[in-house]
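Open the model in your viewer and keep the selection tool at hand. This tour moves from one selection to the next and says what is there.

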Amino acid sequence: MKLRQGILAHNLLIEEFPLAERDLTQTGSKQWLLETNVCGYKGIARFVIGLADDIEVVDSPELDSYIQDFVRKNIFK
């Protein structure tokens, strides 16, 4: 799974999950790429939805699909 994220998402991720730093690569002065494996999408989807304006899902179609289904079922009822 890959996420492109800005400063806010980066800082919150490191604060909540310090070990995630090993899976982050800085790609710009204010941008990072998180490349990691997850055992499920529930937690990472919550993170992405909560910070949707600071995170872009990159080349992770299963996560995209999970988020779209979640939004359709829970937000646009």
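Start with Gln5. This residue counts as buried, because its relative accessibility is 1%, and the cut-off for buried is under 20%. The model is predicted, so treat every value on this tour as computed from a prediction. Gln5 sits in strand E1. Now show what surrounds Gln5. Beyond its neighbours within four places in sequence, Gln5 is in contact with His10, Leu13, Leu24, Lys30, Gln31, Trp32, Leu34, Phe47, Asp54 and Ile55.

**Strand E1 and its partners**

Widen the selection to E1, residues 2–5. Which residues are on the covered face, and which on the uncovered one? Leu3 and Gln5 make up the covered face. Lys2 and Arg4 make up the uncovered face.

Add strand E3, residues 31–35. E1 and E3 run antiparallel and are joined by four bridges. Pick Leu3: its bridge partner in E3 is Leu34.

Next add strand E4, residues 55–58. E1 and E4 also run antiparallel, with four bridges between them. Go back to Gln5 and find its bridge partner in E4, Ile55.

**Asp54**

Step to Asp54, in the loop between helix H2 (42–50) and E4. Leaving out residues up to four places away in sequence, Asp54 touches Arg4, Gln5, Gly6, Ile7, Leu8 and Ala9. Draw a C-alpha to C-alpha distance from Asp54 to Ile14. The two are 15 Å apart in space and 40 residues apart in sequence.

**Ser60**

Select Ser60, in the loop between E4 and helix H3 (61–74). Is Ser60 buried or exposed? Ser60 counts as buried, because its relative accessibility is 5%. Now look at its polar contacts. A polar atom of the Ser60 side chain lies 2.8 Å from the backbone nitrogen of Lys2. The side chain of Ser60 also reaches the backbone oxygen of Val58, at 3.0 Å. Apart from neighbours within four places in sequence, Ser60 is in contact with Met1 and Lys2.

**Salt bridges**

How many salt bridges are there? The count comes to four. Three stops follow.

- Select Arg4 and Glu56. They form a salt bridge, with the closest N and O atoms 2.9 Å apart. The pair links distant parts of the chain: Arg4 is in strand E1 and Glu56 in strand E4, 52 residues apart. Arg4 is partly exposed at 27% relative accessibility, and Glu56 is partly exposed at 40%.
- Select Glu16 and Arg46. In this salt bridge the closest N and O atoms are 4.0 Å apart. Glu16 lies in helix H1 (residues 7–16) and Arg46 in helix H2, so the pair ties together parts 30 residues apart in sequence. Glu16 is partly exposed at 42% relative accessibility, whereas Arg46 is exposed, with a relative accessible area of 54%.
- Select Arg72 and Asp69. Their side chains meet in a salt bridge at 2.5 Å, N to O. Both residues lie in helix H3, three residues apart, about one turn of the helix. Asp69 counts as partly exposed, at 29% relative accessibility.

**Last stop: a nonpolar patch**

Switch to a surface view. Select Phe70, Ile75 and Phe76, which make a nonpolar surface patch of about 320 Å². Finish on Phe76, in the segment after H3. Why does Phe76 count as exposed? Its relative accessibility is 63%, and the exposed class is over 50%.

Key: Residues numbered from 1 in each chain as written. Predicted model: local features only at pLDDT ≥ 70, side-chain atom pairs only at ≥ 80, totals over all residues. Heavy atoms only, no water. Helix = DSSP H or I, 4+ residues; strand = E, 2+ residues; numbered from the N terminus. Buried < 20%, exposed > 50% of the residue type's maximum accessible area, 1.4 Å probe, protein only. Polar contact = N/O pair within 3.5 Å; in protein donor to acceptor, adjacent residues only side chain to side chain. Contact = heavy atoms within 4.5 Å. Patch = residues over 30% accessible without salt bridge, like charges linked within 9 Å, V, L, I, M, F, W, Y side chains within 5 Å. Areas by Shrake-Rupley, 256 points an atom, 1.4 Å probe, with all protein chains shown as cover. Pairing = 2+ DSSP bridges.
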